[in-house]
Amino acid sequence: MEIKIGIKSVAREIRLDMTEDYKHLNQLLQPAMQNSEILDLTDKHGTHYLINAAEIAYVEFAAENQNRIGFAL
């Protein structure tokens, strides 16, 4: 699943390819955002991202099977 995380006062969003499903990610995000904790996410490639949950503006969960158009892989 691809997620996009928008950070307050930052023009670019963070895009992550995750192995977890929506329910599991939502269980991680909700408490972290409510308690202003540091969120530790690991993508499909094993890269860790530490994100200050207090600075998250939005999180977008993309569908698993997206129809991509063009030359992008």
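# Exercises on strands, a helix and its contacts

Glu60 is partly exposed, with a relative accessible area of 37%. That value, like every other one here, comes from a predicted model. Keep Glu60 in mind, since the first exercise returns to it.

## Exercise 1: Follow a charged pair

Find the salt bridge partner of Glu60, and decide whether that partner is buried or exposed.

Solution.

Step 1. Start with the total for the structure: the count comes to 2 salt bridges.

Step 2. Glu60 belongs to one of them, and its partner is Lys4, with 3.7 Å between the closest N and O atoms. The cut-off for such a pair is 4 Å, so this one passes.

Step 3. Place both ends. Lys4 sits in strand β1 and Glu60 in strand β5, so the salt bridge ties together parts that are 56 residues apart in sequence.

Step 4. Check the partner's exposure. Lys4 has a relative accessible area of 15%; buried means under 20%, so Lys4 counts as buried.

Step 5. Now take the other salt bridge, in which the side chains of Arg15 and Glu13 meet at 3.2 Å, N to O. Arg15 is partly exposed at 49% relative accessible area, and Glu13 is partly exposed at 25%.

## Exercise 2: Put β1 among its neighbours

Work out which strands are joined to β1, and by how many bridges.

Solution.

Step 1. Look at the strand itself. β1 covers residues 2–7, and 6 of its 6 residues are buried.

Step 2. Sort its side chains by direction. Glu2, Lys4 and Gly6 point one way, while Ile3, Ile5 and Ile7 point the other, and all are buried.

Step 3. Take one neighbour: strand β2 (residues 14–17) runs antiparallel to β1, and 4 bridges join them. As a register check, Glu2 has Asp17 in β2 as its bridge partner.

Step 4. Take the other neighbour: β1 and strand β5 (residues 56–61) are also antiparallel, joined by 5 bridges. Here Ile3 stands opposite Phe61.

Step 5. Turn to the hairpin of β1 and β2, which has 6 residues between the strands. Ser9 lies in this loop and has a positive phi of about 65 degrees although it is not a glycine. For context, most residues other than glycine have a negative phi. Ser9 counts as exposed, at 84% relative accessibility.

## Exercise 3: Classify an aromatic pair

Determine how many aromatic pairs a search of the whole structure finds, then classify what turns up.

Solution.

Step 1. The search finds 1 aromatic pair.

Step 2. Its rings belong to Tyr22 and Phe61; their centres are 4.8 Å apart and their planes stand at 85 degrees, so the pair is edge-to-face. The class needs planes over 60 degrees apart.

Step 3. Locate the partners: Tyr22 is in helix α1 (residues 22–34) and Phe61 in strand β5, with their positions 39 residues apart in the chain, so to speak a link between distant parts.

Step 4. Add exposure. Tyr22 is partly exposed at 42% relative accessibility, and Phe61 is partly exposed at 27%.

## Exercise 4: Find the inner face of α1

Identify the buried residues of α1 and say what covers them.

Solution.

Step 1. Check the geometry of the helix. α1 has 13 residues and reaches 18 Å from its first C-alpha to its last, close to the 18 Å expected.

Step 2. List the buried residues: Leu25, Leu29 and Ala32. Seen down the helix axis, they fall within an arc of 75 degrees, so they line one face.

Step 3. Recall the general rule behind such a pattern: an α-helix has 3.6 residues a turn, so residues three or four places apart point the same way.

Step 4. Look at the face turned away from the buried side, which carries the exposed residues Lys23, Gln27 and Gln34.

Step 5. What covers the buried residues includes β1, β3 (38–42) and β5.

## Exercise 5: Walk on from the helix

Describe the loop residue Ser36 and the hairpin of β3 and β4.

Solution.

Step 1. Ser36 is in the loop between α1 and β3. Its phi is near 55 degrees, a positive value in a residue other than glycine. At 45% relative accessibility, Ser36 counts as partly exposed.

Step 2. β3 pairs with strand β4 (residues 48–52) in the antiparallel sense over 5 bridges. Within that pairing, Leu41 has Tyr49 in β4 as its bridge partner.

Step 3. The hairpin has 5 residues between its strands, and Gly46 in the turn has a positive phi of about 90 degrees.

How values were computed:
Residues are numbered from 1 along each chain as its sequence is written. This is a predicted model: local features need pLDDT of at least 70, side-chain atom pairs count only at pLDDT 80 or more; totals for chains, interfaces and linings use all residues. Side-chain values use heavy atoms; hydrogens and water are left out. Buried means under 20% relative accessible area, exposed over 50%, partly exposed in between (1.4 Å probe, protein chains only). Helices (H or I, at least four residues) and strands (E, at least two) are DSSP runs, numbered from the N terminus. Two strands pair if DSSP finds at least two bridges between them. Rings of Phe, Tyr and Trp (its six-membered ring) pair if their centres lie within 6.5 Å; planes under 30 degrees apart count as stacked, over 60 as edge-to-face and the rest as tilted. The expected span of a helix is 1.5 Å times one less than its number of residues. The arc is that of the directions from the helix axis to the C-beta atoms. Contact means heavy atoms within 4.5 Å.
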